[in-house]
Amino acid sequence: MKSLFDCGDLVVLNHDDYHELDEGCVGVVVGHHDQSDLIINVQFPYSPVWGFPQEELTPLAQYVKEKKCTQ
């Protein structure tokens with residue numbers, strides 16, 4: 001399976017199962033994990049780089065569009 005994200009993409013975290021990160025946090029993709037393109041390294045403001053499975057992230061443009069359509 002190919003990664004859905006490239007370096008520089010803005011992404012939103014889909015849930016709040018992580019310590020110090022809430023659902024809806026916006027970050028920037030800074031790379032892929034050394035062992036898998038499906039683990040996405042994301043930099044959030046004021047946080048270290050975190051690695052996430054790609055299904056836990058949504059492109060920012062898609063997230064904003066979904067929120068507008070459901071509100």
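This briefing covers the fold, the aromatic cluster, a buried glutamine, the cysteines and two unusual backbone angles.

The model is predicted. The protein chain has 1 helix and 5 strands. Along the sequence, the order is β-β-β-β-β-α. Tyr 18, Phe 44, Trp 50 and Phe 52 make up one aromatic cluster. A whole-structure search turns up 0 disulfides.

**Fold and surface**

- The pattern β-β-β-β-β-α places the five strands ahead of the helix in the sequence.
- The protein chain has 71 residues, and 30% of them are buried.
- Take the contacts between residues at least 6 apart in sequence: 40% of these join residues at least 24 apart.
- The accessible surface of the protein chain is about 4,800 Å². Carbon and sulfur atoms account for 53% of that surface.

**Aromatic cluster**

- The structure holds 4 aromatic pairs. One of them joins Tyr 18 and Trp 50, with ring centres 6.0 Å apart. Their planes meet at 80°, so this pair is edge-to-face.
- Which parts of the chain does this pair tie together? Tyr 18 lies in the loop between strand E1 (10–13) and strand E2 (26–33), while Trp 50 lies in strand E4. The pair therefore links parts that are 32 residues apart in sequence.
- Tyr 18 is partly exposed, at 23% relative accessible area. Trp 50 is also partly exposed, with a relative accessibility of 23%. Both values fall between the 20% limit for buried and the 50% limit for exposed.
- The rings of Phe 44 and Phe 52 form another pair, with centres 5.8 Å apart. Their planes stand at 90°, so this pair too is edge-to-face.
- Phe 44 and Phe 52 are both buried. The cluster thus brings these two buried residues together with the partly exposed Tyr 18 and Trp 50.

**Gln 54**

- Gln 54 sits in the loop between strand E4 (49–53) and strand E5 (57–59).
- Is this loop residue buried or exposed? Gln 54 is buried, because its relative accessible area of 5% is under the 20% limit.
- A polar atom of the Gln 54 side chain lies 2.8 Å from the backbone nitrogen of Leu 4.

**Cysteines**

- How many disulfides does a search of the whole structure find? The search finds 0.
- Cys 7 is exposed, at 53% relative accessible area. That value is over the 50% limit, so Cys 7 falls in the exposed class.
- Cys 25 is partly exposed, with a relative accessible area of 21%. The limit for buried is under 20%, so Cys 25 does not count as buried.

**Positive phi angles**

- Glu 20 is not a glycine, yet has a positive phi of about 75°. Glu 20 belongs to the loop between E1 and E2. Its relative accessibility is 65%, so Glu 20 counts as exposed.
- Tyr 46 is another residue other than glycine with a positive phi, near 60°. Tyr 46 is in the loop between strand E3 (36–43) and E4. Its relative accessibility is 86%, so Tyr 46 counts as exposed.

How values were computed
Residues are numbered from 1 along each chain as its sequence is written. This is a predicted model: local features need pLDDT of at least 70, side-chain atom pairs count only at pLDDT 80 or more; totals for chains, interfaces and linings use all residues. Side-chain values use heavy atoms; hydrogens and water are left out. A disulfide is a pair of cysteine sulfur atoms within 2.5 Å. Buried means under 20% relative accessible area, exposed over 50%, partly exposed in between (1.4 Å probe, protein chains only). Helices (H or I, at least four residues) and strands (E, at least two) are DSSP runs, numbered from the N terminus. A polar contact is a pair of N or O atoms within 3.5 Å; within protein, one must be able to donate a hydrogen and the other to accept it, and residues adjacent in sequence count only if both atoms are side-chain atoms. Rings of Phe, Tyr and Trp (its six-membered ring) pair if their centres lie within 6.5 Å; planes under 30 degrees apart count as stacked, over 60 as edge-to-face and the rest as tilted. Contact means heavy atoms within 4.5 Å. Accessible areas come from the Shrake-Rupley method with a 1.4 Å probe; for residues, only the protein chains shown count as cover.
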